[in-house]
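Colleague: Could you walk me through this protein, please? I am new to reading structures, so plain words would help.

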Amino acid sequence: MRISAAQRQSYWDRGYTVIKGVFSKEETSRMIQEHEAIRLAFIKDKSIVQDSHYPLSSLYPELHETFRTNDYVFQFLTSPKYFGLVEQLLGEEALAVGTTFFFKPPGKNSFLLHQDNYDVGASPQPSCALWVSLEDTSRENGGLCFIPYSHKQGLYSSQTPAGHRYGLVSSRVPQVEEDPVLLPHGYWMEDMTTQAGDVVAFNGFVVHGSFPNNSRYQFRKAFTTHFIPRSSESVFVFNNQLVDKNGQINRLPLNRHHPLIRDLLG
Ligand SMILES: O=C(O)CCC(=O)C(=O)O
């Protein structure tokens, strides 16, 4: 699929863009089925156990790096249709760093605002995510939200405490939902509505998150991959396990100047 000039411009200018109708119903359903099977296997071997405080969410955790063990997910990741999108956006070859599958069951809390490149640590250019909507999403069932243009100033402070209510992500920027006045002057938040099969591409510096799933019975399943430009000089995570479009493993130097490593070293 060809990305239009307007989509590329939106990615670079606003920090994100939506590419409609990339994947068919058959492809999105198969991704869901494969991850259901992985989840059930994890329940069987007790890698997933129910937590009585979070009876539903604990049975539907995010699944990371499933392409390393599942052939269909690997084919999906390395397909020209998917990998080709990021290469068109970046204007060069890309390397996949890691993937996450989200079940996001009803009642699951919001994913706090964050910048992906804080965790990915690609340098000098940030990562790029391709988020695949496997079901229809909206604000009601936990859809994505973005702060347009927020990618233009690099990383925000890494000193803001990572403490948060939902236990999974780093939150180093104000939580807009709770306190809109904390947004830097002149910025605003936009909700995103997607249909199954759409792909949302976003810059690793753009501030984004997702709403709680307030629907009664609708899951909000999605699959995301973080890519980096092949010309990256270094990266913080999985620097020895980067996957190219041929499925080959590539290595880059570890980003020793990344804020997270400074934290680790004290
Ligand atoms: O799908 C979500 O709820 C959050 C996704 C996200 O923030 C990401 O892929 O970086």
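Colleague: In what order do the four strands of the open sheet stand?

Modeller: First, this is a predicted model, in which local features need pLDDT of at least 70 and side-chain atom pairs count only at pLDDT 80 or more, while totals for chains, interfaces and linings use all residues. Residues are numbered from 1 along each chain as its sequence is written. Strands are DSSP runs of E with at least two residues, numbered from the N terminus, and two of them pair if DSSP finds at least two bridges between them. Here the pairing is antiparallel, and the order is 4-9-6-7.

Colleague: Which strands stand at the edges of that sheet?

Modeller: Look for strands with a single partner strand. One side of each is left without a neighbour in the sheet, because each has just that single partner. They are strand 4 (111-114) and strand 7 (190-191).

Colleague: Which residue in strand 9 does L144 stand opposite?

Modeller: Strand 6 covers residues 144-147. This strand pairs with strand 9 in the antiparallel sense over four bridges. Opposite L144 stands S210.

Colleague: Which elements give two or more residues to the shell around the ligand?

Modeller: A residue counts as near the ligand if its C-beta atom, placed from the backbone, lies within 6 Å of it. The ligand is surrounded by F102, F111, D116, A129, W131, H208, S210, A222 and T224. The elements giving two or more of these are strand 5 (128-133), strand 9 (207-210) and strand 10 (222-229).
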